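Hi,

Here is the structure I promised you. Please open it first, then read my notes below.

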Number of protein chains: 2
Amino acid sequence: METKKQPDAVDDILAQWKRERPDLDASPMGPIGRVRRCAALLQRRLDETFAEFGMTSWEFDVLATLRRAGAPHCLAPTALFSALMITSGTMTHRLQRLEASGWVARHPNPNDARSMLVQLTDAGLALINRAVEAHVENEHRILAPIEAGDLAVLNEYLAMLLGVLEVREE
Amino acid sequence: METKKQPDAVDDILAQWKRERPDLDASPMGPIGRVRRCAALLQRRLDETFAEFGMTSWEFDVLATLRRAGAPHCLAPTALFSALMITSGTMTHRLQRLEASGWVARHPNPNDARSMLVQLTDAGLALINRAVEAHVENEHRILAPIEAGDLAVLNEYLAMLLGVLEVREE
DNA sequence: GCTGTTTATCTTGAAGTCAAGATAATTGAG
DNA sequence: CTCAATTATCTTGACTTCAAGATAAACAGC
């Protein structure tokens, strides 16, 4: 492979900094900028599929977390907002919306009166089961242009980066 | 290298889906989930440095875009919100805040009365010059645990992914 | 020149998010 | 048992964002 890759949006930014601040070694902006920009573009692509099910990204995230937990698809709010990296206040708000939509129900926890148990309703379970199928198909489609071997290498190096970033969060 | 990598948060999610929905090939969730999670964790790390300068992430983004453009550090709002992937309404709001902080000034465009020209003030220029130095140092620190060779491979594969994602956005 | 279309920006209203604090139940040390 | 510290959730208020529409200037074809 001898052909030079097309410059992307991050290459442009690096060239600008090189011209304006040649004293700086801005090279880490390459991988970091690309991770951030990939995440932003991926979000748009994923949202398209969620919209087909009348869901937003955060609604999918909460329902999927409950679904993944397995029967009886029941978790405490603390478990949910920890898994989703959001605050407790945001979780309260999300659960109110999801309860109003009829996709989750909240029950008192018999073992701890401070805590609630959030459970997928039948409608919520049916919805997330269908939505996750479409979501996975969509992800396959998004990555389809990448060869299996390249994808494996990409995944391996992303795991390395994630490992480096996660140690800090003990 | 024979030691198995520690499982990360994404491995856990993949294992849950494997158990709950063995009919799905959820493998694309590996790279896609890792990109998204890396971006979220990176955001936190970058915000720490911005906070040292009394800035938020979006304030840094706007000032840095003006700074990168070179003297006279002057761009139209349209150029700014296009570069930053945000809406025009959001840009209006950001510019009001930045003008109130004294970091940018808005002048009428002599060539087009519909459009404004947004310019870094002296204070804004001094701030972003210092902030970007700290930001680049911070990015070096974040990636320091990764060997130069590995980082180059990571960057190359991220560029490939970004290329695949950007073609869609023509 | 007119006039309809396009372009650039701003306004409005509805969401979603967080930080900080309030409330209430549980736990643990004595 | 009692009370201080901890834990789980919810409330409040401020901020950021977007989508949709309003306003005004510039342009293009006649």
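In what order do the three strands of the open sheet in chain A run, and with what pairing? The order is 1-3-2, and the pairing is antiparallel. Strands here are DSSP runs of type E with at least two residues; helices are DSSP runs of H or I with at least four residues; both are numbered from the N terminus. Two strands pair if DSSP finds at least two bridges between them.

Before the rest, some ground rules. This is a predicted model: local features need pLDDT of at least 70, side-chain atom pairs count only at pLDDT 80 or more, and totals for chains, interfaces and linings use all residues. Residues are numbered from 1 along each chain as its sequence is written, chains are lettered from A and ligands numbered from 1 in the order in which they are written, and side-chain values use heavy atoms, with hydrogens and water left out.

**The sheets**

Back to chain A. Its edge strands are strand 1 (74-75) and strand 2 (104-108), and each pairs on one side only. Strand 2 and strand 3 (residues 116-120) of chain A are antiparallel and share five bridges. A:H107 has A:L117, in strand 3, as its bridge partner.

Chain B also has an open sheet of three strands, in the order 1-3-2 and with antiparallel pairing. Strand 1 (74-75) and strand 2 (104-108) of chain B each have a single partner strand, so one side of each has no neighbour in the sheet. Strand 1 and strand 3 (residues 116-120) of chain B run antiparallel and are joined by two bridges. B:L75 stands opposite B:V118 of strand 3.

**DNA strand D**

The protein puts 21 residues around DNA strand D. Near means that a heavy atom of the residue lies within 4 Å of the strand. The closest are A:P77, A:T78, B:T90, B:R94 and B:R97. Of the strand D atoms that come within 4 Å of the protein, sugar and phosphate account for 77%.

Both chains contribute. Helix 4 (77-83) and helix 5 (88-100) of chain A, and helix 5 (88-100) of chain B, each supply at least two residues of this surface. The surface has six nonpolar, nine polar and six charged residues. Nonpolar covers Ala, Val, Leu, Ile, Met, Phe, Trp, Tyr, Cys and Pro; charged covers Asp, Glu, Lys and Arg; the others, Gly among them, are polar.

Now the phosphate oxygens of strand D. One is 2.5 Å from an N or O atom in the side chain of B:T90. A backbone N or O atom of B:T87 lies 3.3 Å from a phosphate oxygen. For A:T92, a polar side-chain atom lies 3.5 Å from a phosphate oxygen.

**DNA strand C**

DNA strand C also has 21 residues around it, and A:T90, A:R97, A:R114, B:P77 and B:T78 come nearest. Sugar and phosphate make up 76% of the strand C atoms within 4 Å of the protein. Helix 5 of chain A, with helix 4 (77-83) and helix 5 of chain B, each give at least two residues to this surface. By class, there are six nonpolar, nine polar and six charged residues.

A base oxygen of strand C is 2.9 Å from a polar side-chain atom of B:R114. B:Q96 has a polar side-chain atom 3.5 Å from a phosphate oxygen of strand C. B:P77 has a polar backbone atom 3.5 Å from a phosphate oxygen.

**Buried positions**

Is A:V62 buried or exposed? A:V62 is buried, because its relative accessibility is 0%. Buried means under 20% relative accessible area (1.4 Å probe, protein chains only). A:V62 sits in helix 3 (residues 57-68) of chain A. Beyond its neighbours within four places in sequence, A:V62 is in contact (heavy atoms within 4.5 Å) with A:L80, A:L84, A:M91, A:R94, A:L95 and A:L98. A:V62 and A:L80 are 18 residues apart in sequence, but 7.2 Å apart in space, C-alpha to C-alpha.

In chain B, B:H135 lies in helix 6. B:H135 is buried, at 6% relative accessible area. Leaving aside neighbours within four places in sequence, the contacts of B:H135 are A:M29, B:L46, B:T49, B:F50 and B:F60.

Best wishes

Definitions and conventions
Polar contact = N/O pair within 3.5 Å; in protein donor to acceptor, adjacent residues only side chain to side chain. Buried < 20%, exposed > 50% of the residue type's maximum accessible area, 1.4 Å probe, protein only.
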